[in-house]
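Here are a few short exercises to work through with the model open beside you. Try each one before you read its solution.

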Amino acid sequence: MLRNMASLTVRQLDDALKEQLRRRAARNRRSMEEEVRAILRSAASDVDAPASPPESAGLPGAPPRTETATRRILLIIGGGIAAYKSLDLIRRLRERGFGVRVVMTNAAQQFVTPLAAGAISGDKVFTDLFDSDSEFDVGHIRLSREANLIVVAPATADLMAKIANGHADDLATAVLLATDKRVLLAPAMNPRMWSNAATQRNLTQLRSDGIAFIGPNQGEMAERGEHGVGRMAEPLEIVAALEGLLAKPKAQRPLAGKRVIVTSGPTYEPIDPVRFIGNRSSGKQGHAIAAAAAAQGAEVVLVTGPVALPDPSGVSVIRIESAREMLAAVEKALPADIAIFAAAVADWRVVETQNQKIKKGSGQAPPLALTENPDILATVAKSASKRPALVIGFAAETEQVIQHAKEKLAKKGCDWIVANDVSPESGVFGGDRNTVHLVTASGVESWPPQSKDQVAKSLIARVVQALEKKK
Ligand code: CTP
């Protein structure tokens, strides 16, 4: 090739070099994919790993690069051990249809490579302020202009200090100084660095400059034996925070002015002061529905049994234990426009709850007489005076899922049933994914397996459609 170069025009030389680079990139692709998989595998097995491990590196079968994505995020990865979580953050954002462009600081490249971030984002990763290619191609002003929002994750103490003082000596800080977009910082650092007076001073300055923050959370640090406030927020928490910043004003969202009641979680039916009858419901689906309805502007009352989940933001949460308490709380929350019953209510309670712990000793197991609990869904759906316009139930089934769901739709008098297979093989109870069928008077729609968050969003999207049709 060199032999022929002298006779080439600049344009031809450029094309030849590009072709060579393209071939090299294709050769590197396999090893690049390996590298990404290895990083994600190690992230999944790390003690500091995100709540739900990555399922794929987002390579083959990943959503296509969203040139047309209407919501574009510029992710600036700072130099900290939490940088590996930013790879999962890219994947989570792309799953939700965001276009993601990545800028990495020099320090960040000590923790994850631009190749890995680029393979997951499906785009070139930008690293240098004085890289003539990038500046010519995109430029730091365009990087900011083409984003709807900028996220810095992890935001190190050093990056926070630079942003607070208006430095612009690398691409990341130059973009941040030049931007007129909202900026969200997800700090991550050692707890002593976080509580240091200088960092706290920078935090106050950045907040007053209009910069939004998510985290840091409390917990174990990467350094052995270190514990405290300084862990970067989990990728899904960062996604929720940025979705909140991008959301339309509440009054313009489709469920603005609508009141929605959601039940979630299990109920516990007391036997004595220490024992109860319960079930394996985690509340993830019900909580996700409450969050999705609130995100669409609804006023949401979430009546929940005992769960180990944070309260969804922007939702009024009423905590109860037993089915009868759940019914009373739901009745108190009425009237409503929409009611969604996702709770796994215990069907029976013991007739006589003991005031003292039942003791062994008589040689006989205590007789536990059971009586049926009130059916909260049926009570509300059949209410003559307070029935919401749209009443949605769930059907948790272990066999003949659709058949049983159709029977429940008729028996309980609700408008829709979301039927799911909760047999142990399905992994629904406690898991993050769900496969559901929407059963209505007009038929059965089977949705593909998806995350519980996605099921919640799709269900709320259907609710919005149904309300619009009624207008
Ligand atoms: N449900 C309710 N109150 C009850 C029992 C169930 O509100 N006491 C609601 C659930 O929240 C769900 C729907 O009814 O929306 C169906 O619940 P499921 O447990 O599937 O059915 P059951 O009615 O309990 O019937 P079975 O256990 O016989 O399947």
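For the ligand exercise you need one cut-off: a residue is near a molecule if its C-beta atom, placed from the backbone, lies within 6 Å of it. Keep in mind that this is a predicted model.

**Exercise 1.** Describe the shell around the ligand: its nearest residues, its classes and the elements that supply it.

*Solution.* Start with the residues. There are 16 around the ligand, and those that come nearest are Phe341, Val345, Ile376, Leu377 and Gly393. Next, sort the shell by class: 10 residues are nonpolar, three are polar and three are charged. Finally, turn to the elements. At least two shell residues come from each of helix 14 (376–381) and strand 17 (390–397). Strand 17 gives the largest share, four residues.

**Exercise 2.** Work out how helix 3 and helix 11 pack.

*Solution.* Two packed helices are described by the angle between their axes and the distance between the axes. For helix 3 (residues 83–95) and helix 11 (residues 235–246), the angle is about 50° and the axes are 9 Å apart. Helix 3 is therefore oblique to helix 11. Their crossing is right-handed. On the helix 3 side, the contact is made by Lys85, Asp88, Leu89, Arg92 and Leu93, and on the helix 11 side by Pro235, Leu236, Ile238 and Val239. By class, this contact has six nonpolar, three charged and no polar residues.

**Exercise 3.** Summarise the protein chain as a whole.

*Solution.* Begin with secondary structure: the chain has 16 helices and 22 strands. Then take burial: 40% of its 471 residues are buried. Last, consider contacts with a separation of 6 or more: 69% of them join residues 24 or more positions apart.

Methods: Residues are numbered from 1 along each chain as its sequence is written. This is a predicted model: local features need pLDDT of at least 70, side-chain atom pairs count only at pLDDT 80 or more; totals for chains, interfaces and linings use all residues. Ala, Val, Leu, Ile, Met, Phe, Trp, Tyr, Cys and Pro count as nonpolar, Asp, Glu, Lys and Arg as charged, and the others, Gly among them, as polar. Axes are lines fitted to C-alpha atoms, for helices over the stretch in contact, and angles run from 0 to 180 degrees between N-to-C directions. Angles under 35 degrees count as roughly parallel, over 145 as roughly antiparallel, 65 to 115 as roughly perpendicular and the rest as oblique. A crossing is left-handed if the near helix is turned anticlockwise from the far one by less than a right angle, and right-handed if clockwise. Two residues are in contact if their C-beta atoms, placed from the backbone, lie within 7 Å. A residue is buried if 20 or more other C-beta atoms lie within 10 Å of its own, exposed if 12 or fewer, and partly exposed in between; C-beta atoms are placed from the backbone.
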